[in-house]
Amino acid sequence: VKNSRSKFHTYCLAVGRAGADNSSIVENVLRELEEVEKARSLYCGRTNQIVKCQFAALSYSSDRIERHKLLSTIQLGTFGLRWGWAGMVSSSVPTCNSCFRSKFTQSERWGGCADCTDWGCEQAYQELETIQHYPKFEVGGPSSPAAPSDRTVNETHHIPKEQSNEWIREGLIYAFYNCTHGETRSGVGAGYRWHKYVAEAYLRSMGIGGSLLKSFWANVKANIANSSAGLDFIPYVHSDSCLLKMPAFINSPMHLVMHGVATDSMEIVHKHLTKLQKLSTFETFANRYLQEIERFRLGYCRTRRLPKTFWLAEDILGLTRIMPCVYGLAFADNLKLTSSESDHHTKTMRSVLQLLNSLHVMVSTLMSPTKSTDIGAIKKSINIFLSCTHRACHFVYGQG
């Protein structure tokens with residue numbers, strides 16, 4: 001491809017349709033990482049000696065859609081609402097009002113509530129009857145592999161489970177055995193072979209989807225037709241040989257926080273301003289500040305004028321840095337929101353301001369040179385931001 005190796009591009013690995021299965025390309029890249037990570041003897045010009053050198057891949061950075069395709073996991077839907085977890089999200093997951101208020105008092109309660117899980121998914125279980133076609137029987141037998149934890153046929157509730165390569169691999173092997181062994185006559189019960197819709201329901205409960213379901217069933221049919229056929233139903237990314245494990249597949253930080261979290265937060269606020277018929281007033285007011293800052297040409301605070309069209313992640317970051325100032329001045333001085341407004345409107349505005357401030361604190365914590373390694377501080381800032389977002393969505397959209 002022309003200019004594929006210019007200073008503006010990386011190497012062109014493959015060209016194809018967006019919806020096509022690209023697992024072979026991913027496998028090729030991951031296998032090349034194995035060669036890169038092998039220790040080699042290289043010449044060091046600084047010391048004028050031959051030294052042992054080894055490189056290692058720390059992460060595979062991509063956006064959320066690409067990451068789900070790479071790992072063949074479900075995006076959104078019933079079992080894919082939270083990355084890295086396979087499970088339903090119940091109404092008890094968001095922080096309740098009591099826990100939310102306690103976070104800003106001396107008691108500072110984090111978890112341990114009977115009414116909510118405070119954004120923890122471990123206890124947000126659902127009755128298994130809600131999953132249609134989930135298997136209730138297995139083929140069994142002395143050669144039957146063990147079912148992965150929390151996904152046996154004897155479960156009474158569907159428990160959210162943190163995904164791992166080993167856990168997904170165990171589920172694929174267990175499902176493959178039950179689809180290729182057992183009684184072939186039509187029927188349901190212990191010893192009977194799983195049907196396609198049963199296997200798909202089981203694998204989806206583990207958060208497995210995409211092209212992997214199609215290739216899995218294709219391998220099942222090939223094995224039934226010829227039991228000596230080679231087994232290729234486990235993708236390389238989930239195999240023992242792959243050096244990169246699931247935690248290494250991260251979402252691009254700027255793409256996740258700026259194009260994702262910050263942009264969605266702005267949309268919530270602007271949705272409420274639209275209801276008040278004050279969005280254009282706000283944009284006119286805010287642009288005076290954004291235009292002045294833009295003239296400084298600051299590398300760490302790039303800004304563009306509203307409305308938000310064709311903004312880069314750096315532009316959203318610039319607005320996030322000054323968000324409390326721009327939005328705060330607009331709400332306090334320009335929009336003239338007084339205490340005479342209705343109670344619902346007052347609560348809505350309070351929740352919107354909490355959303356903006358919590359977003360600013362979270363981004364500041366993530367980018368802080370002193371707090372970016374403090375896992376406890378990061379978790380608290382994210383927890384409070386999620387709670388503020390949930391409350392704002394409840395007031396602005398009537399749901400959340």
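The lining of the second largest pocket is a mixed bag: 13 nonpolar, 12 polar and 5 charged residues (Ala, Val, Leu, Ile, Met, Phe, Trp, Tyr, Cys and Pro count as nonpolar, Asp, Glu, Lys and Arg as charged, and the others, Gly among them, as polar). This is a predicted model, in which local features need pLDDT of at least 70 and side-chain atom pairs count only at pLDDT 80 or more, while totals for chains, interfaces and linings use all residues. Residues are numbered from 1 along each chain as its sequence is written, and side-chain values use heavy atoms, with hydrogens and water left out.

The pocket has a volume of about 550 Å³. A pocket here is an open set of points on a 1 Å grid over the protein atoms alone, where a 1.4 Å probe fits, with protein on both sides within 12 Å along at least five of seven lines; lining residues have an atom within 4 Å of a point. Grid points are joined across faces, edges and corners, and the volume is the space filled by probe spheres set on them. Of the 30 lining residues, Asp21, Ser23, Ser72, Ser211 and Leu212 sit nearest the centre. Helices H1 (23-36), H2 (64-71) and H6 (211-225) each give two or more residues to the lining, and H6 supplies the largest share, 5 residues. Helices (H or I, at least four residues) and strands (E, at least two) are DSSP runs, numbered from the N terminus.

As for confidence, pLDDT (the predictor's score for each residue, from 0 to 100) averages 84 over the protein, and 90% of the residues score at least 70.
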